[in-house]
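This report looks at a few local features of a protein model, moving from a single residue to a metal site and then to a pair of packed helices.

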Amino acid sequence: MTSPTAPLAAYAAHDDRTRGRRYPEPSPGYRSDYQRDRDRIVHSTAFRRLVYKTQVFVNHEGDLYRTRLTHSVEVAQIARTIARAMRLTETLAEAICLAHDLGHTPFGHAGQDALNDCMRDYGGFEHNLQSLRVVQELEERYAEFPGLNLTFEVREGILKHCSLKNAAQLGELGERFLKRGQPSLEAQLANVADEIAYNNHDLDDGLRAGLLSLEELVQVTIFRRHYDAVLDRYPGLAGRRLIHEVVRRMINEVVTDLIDTTSAAIAAAAPRDIEAVRSLPAMLVGFGATVAAEHLELKQFLRKNLYRHYRVLRMTTKAHKVVQSLFAAFMEKPELMPPEHWVHARKLQGDEGDAGRARAVADYIAGMTDRFAILEYDRLFDPSERT
Ligand code: MG
């Protein structure tokens, strides 16, 4: 393994080779461009809202569950470890991870699905694209440009996937989907770090909430292997310490496998630089076959036993109702939104017709935290609530 102070690999995203920003700016004096991007993300309004947005459990269900903010921080931690071990640009990977969920709706995937349903006739809603919209258009912090004016490399990393139809409208950023190219290695690993983080922390949260049991989890190959190893070494260990010992070993195993497998793939492909990485036919970052299968097994287990647990389903059903009701009310009467959003809706309606008005409503709803969405719902539909 490389030393933590080893110089960057030739195929890393070197700061001095960035494709730059939409609105040219002088280089920051005492930071790299990617440090500046990371700092802009941390200071953004959308980033602070993540603390009150659901990962799996709605924010008010308990103080100890992951929120989208702590999720993003965990993703960034895993990505930074991998990036540094592989001599890639740690700060770029970190910036992508911290920004990857900025466009997420309230109520997690239930909110995203509901808003996508509402937007079906108006171009759909996709949280990846919305994250991009947040950093390119919606944040209002700088006199000279809308959004955060981040480098191409951070925006490329935020846009994990994209339909060809949408890609065609995204210019330089959409190109790789049309030409079947790849993003930087930093973007590729940020994407996998996201999966590693949620598989493991959702398992932990599910156990904490009592929605998953150890009896069920020992049916999952990777969990069982580490569970047995921990009890072998520490007979009688129980409770939180047992679970944490198992989870940290699971994360360590998949991260180690990812680094080993990816290093071998890079050695075989021998990309000269980041442009060579971008023009390869497939991604280089990935797990070996065994870990890939086990990781998928865990993901499917969580889908079946946690994400579709009746208590989670009750929450997601409620979330659908809140999002759909808000959308319908604001779409019918945009003046019900606070003035700045109503003005935004009027402007987009003028530019793009009904689809523009719908987009402005989606922007307003997507920006809400869980509790704000519930409060707005009450203010609109509960006669006893103040407006
Ligand atoms: Mg995520």
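In this predicted model, His14 lies in the segment that comes before helix α1 (33-42). With a relative accessible area of 17%, which falls under the 20% limit, His14 is buried. Apart from neighbours within four places in sequence, the residues in contact with His14 are Leu8, Ala9, Tyr34 and Thr89.

The magnesium ion has its protein donors at distances of 2.1 to 2.7 Å, and along the chain these donors follow the spacing H-x28-H-D-x92-D. The donor atoms are listed here by residue.

| Donor residue | Donor atom |
|---|---|
| His71 | NE2 |
| His100 | NE2 |
| Asp101 | OD |
| Asp194 | OD |

Of these donors, His100 and Asp101 are both buried.

Two packed helices are described by the angle between their axes and by the distance that separates those axes. Helix α17 (residues 339-352) packs with helix α18 (residues 354-367) at an angle of about 150 degrees, and their axes are 6 Å apart. Because angles over 145 degrees count as roughly antiparallel, α17 and α18 are roughly antiparallel to each other, and their crossing is right-handed. On the α17 side, the contact is made by His341, His344, Ala345, Leu348, Gln349 and Glu352, which meet Asp354, Ala355, Gly356, Arg357, Arg359, Ala360, Asp363 and Tyr364 of α18. The residues of this contact between α17 and α18 divide into 5 nonpolar, 4 polar and 5 charged.

How values were computed. Residues are numbered from 1 along each chain as its sequence is written. This is a predicted model: local features need pLDDT of at least 70, side-chain atom pairs count only at pLDDT 80 or more; totals for chains, interfaces and linings use all residues. Side-chain values use heavy atoms; hydrogens and water are left out. Axes are lines fitted to C-alpha atoms, for helices over the stretch in contact, and angles run from 0 to 180 degrees between N-to-C directions. Helices (H or I, at least four residues) and strands (E, at least two) are DSSP runs, numbered from the N terminus. Angles under 35 degrees count as roughly parallel, over 145 as roughly antiparallel, 65 to 115 as roughly perpendicular and the rest as oblique. A crossing is left-handed if the near helix is turned anticlockwise from the far one by less than a right angle, and right-handed if clockwise. Contact means heavy atoms within 4.5 Å. Ala, Val, Leu, Ile, Met, Phe, Trp, Tyr, Cys and Pro count as nonpolar, Asp, Glu, Lys and Arg as charged, and the others, Gly among them, as polar. Donors are N, O and S atoms within 2.8 Å of the metal (3.2 Å for Na, K and Ca); water is not among the atoms, so sites may look incomplete. Buried means under 20% relative accessible area, exposed over 50%, partly exposed in between (1.4 Å probe, protein chains only).
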